[in-house]
Amino acid sequence: MIRIGNRCIGAHSAAYIVAEVSANHHGSFEQATQILRAAKDAGADAVKLQTYTPDTITIASERQEFRVSGGTLWDGRTLHDLYAEAFMPWEWQPRLKKLSEDLGMDCFSSAFDSTAVDFLEQMNVPAHKVASFELVDIPLIQKMARTGKPLIMSTGMATVEEIDEALQSAREAGATQIILLKCTSAYPAPPEEMNLRTIPEIARRFNVPVGLSDHTMGIAVPVAAVALGACVIEKHLTLSRSTPGPDSAFSLEPAEFKAMVDAVRIAEKALGEVHFGLSEKEETSRKFRRSLFVVEDVEQGDLFTPENVRSIRPGNGLHTRHLKEVLGKRAARGIKRGTPLSWELVVRS
């Protein structure tokens, strides 16, 4: 069981819902605060920021290696140019953390270099997040782990060996509370590439709580993930997809985010526990199960046949398992159509 702020996170707790602000602030502090308020109204437990500058995450270069390609939303742009548009000014972040806490939500961030970790530690964030692309940055993971804070690591693109190396590095550096997030690092991610059955396998293989960092459109995938054991759901939140921005196209709008939270909570209730037999609400339905009834008028001494005794609803008569035993026996007295069959109506000699 992991604790972030006042929330316990694990298999027997409600899923921890994280609203990812990412670049959806569009360079406006006011818009960032509106996203936080929308997250609270939608039922999020936490908001997540990103702490980097263009120069802490990459370098300015026109070389082909630094230009985005491959059919993404950002093809043709340099990394430095993309991150210059997307990054959140660091001076906003302490104020946004305070607003989150005032609203009753946790606030933490993905750090993308060691200076960001130091900055977030000064903010006293309750946890640190390792983004999927940084899962192979072992020194960065070790820097976060040495803080002693809970560590959430996304696993997009990672092999089993890379996940294991990241985990071992974190543990050796002192991390004792680690959550792994199943992630597909495509923007947006097609549902058919999510492979959610990996969630219970990650939990089994690495013995840590597992969640989902989701970039699909819609809300179905997070709900399915919770059904498979995800205890954290991270999803991008925007005020409107119609506002252009690096992350707008694969983010949920507030009403959609709330629908996702509501659906997750319903799924959690539906999962329940291992249970056989009647539930409380099934008690009234039990009387409508099938049983043996006399379905034609029968005189005393008549034989019971398939024509005058049948298995039908409701359940007031003998159990259906006795049908063969009853057929061929004689009626103990006259019986009206619609009478539930009982042993006192059957001559059992």
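**Helix packing and the barrel**

Me: At about what angle to β4 does helix α4 run?
Reply: Helix α4 (residues 93–102) lies across β4 (46–51) and β5 (106–111). Helices (H or I, at least four residues) and strands (E, at least two) are DSSP runs numbered from the N terminus. Between N-to-C directions of axes fitted to C-alpha atoms (0 to 180 degrees), α4 runs relative to β4 at about 175°.

Me: What kind of model is this?
Reply: Residues are numbered from 1 along each chain, and side-chain values use heavy atoms, without hydrogens and water. Local features need pLDDT of at least 70, side-chain atom pairs count only at pLDDT 80 or more, and totals for chains, interfaces and linings use all residues, as the model is predicted.

Me: Which residue of β7 stands opposite K129?
Reply: A closed barrel of 8 strands runs from β3 to β10 with parallel pairing, where pairing requires at least two DSSP bridges. Within this barrel, 3 bridges join β6 (residues 128–130) to β7 (residues 151–154). Opposite K129 in β7 stands I152.

Me: Within what arc do the buried residues of α8 fall?
Reply: Helix α8 (residues 198–206) has I199, I202 and F206 as its buried residues (under 20% relative accessible area, 1.4 Å probe, protein chains only). They line one face of the helix, because seen down its axis, by directions to the C-beta atoms, they fall within an arc of 60°.

Me: How far apart are the axes of α9 and α10?
Reply: The contact (heavy atoms within 4.5 Å) includes P222 and V223 of α9 and M260 and A263 of α10. α9 and helix α10 (residues 254–271) pack at about 25°, with their axes apart by 9 Å.

Conventions. Buried < 20%, exposed > 50% of the residue type's maximum accessible area, 1.4 Å probe, protein only.
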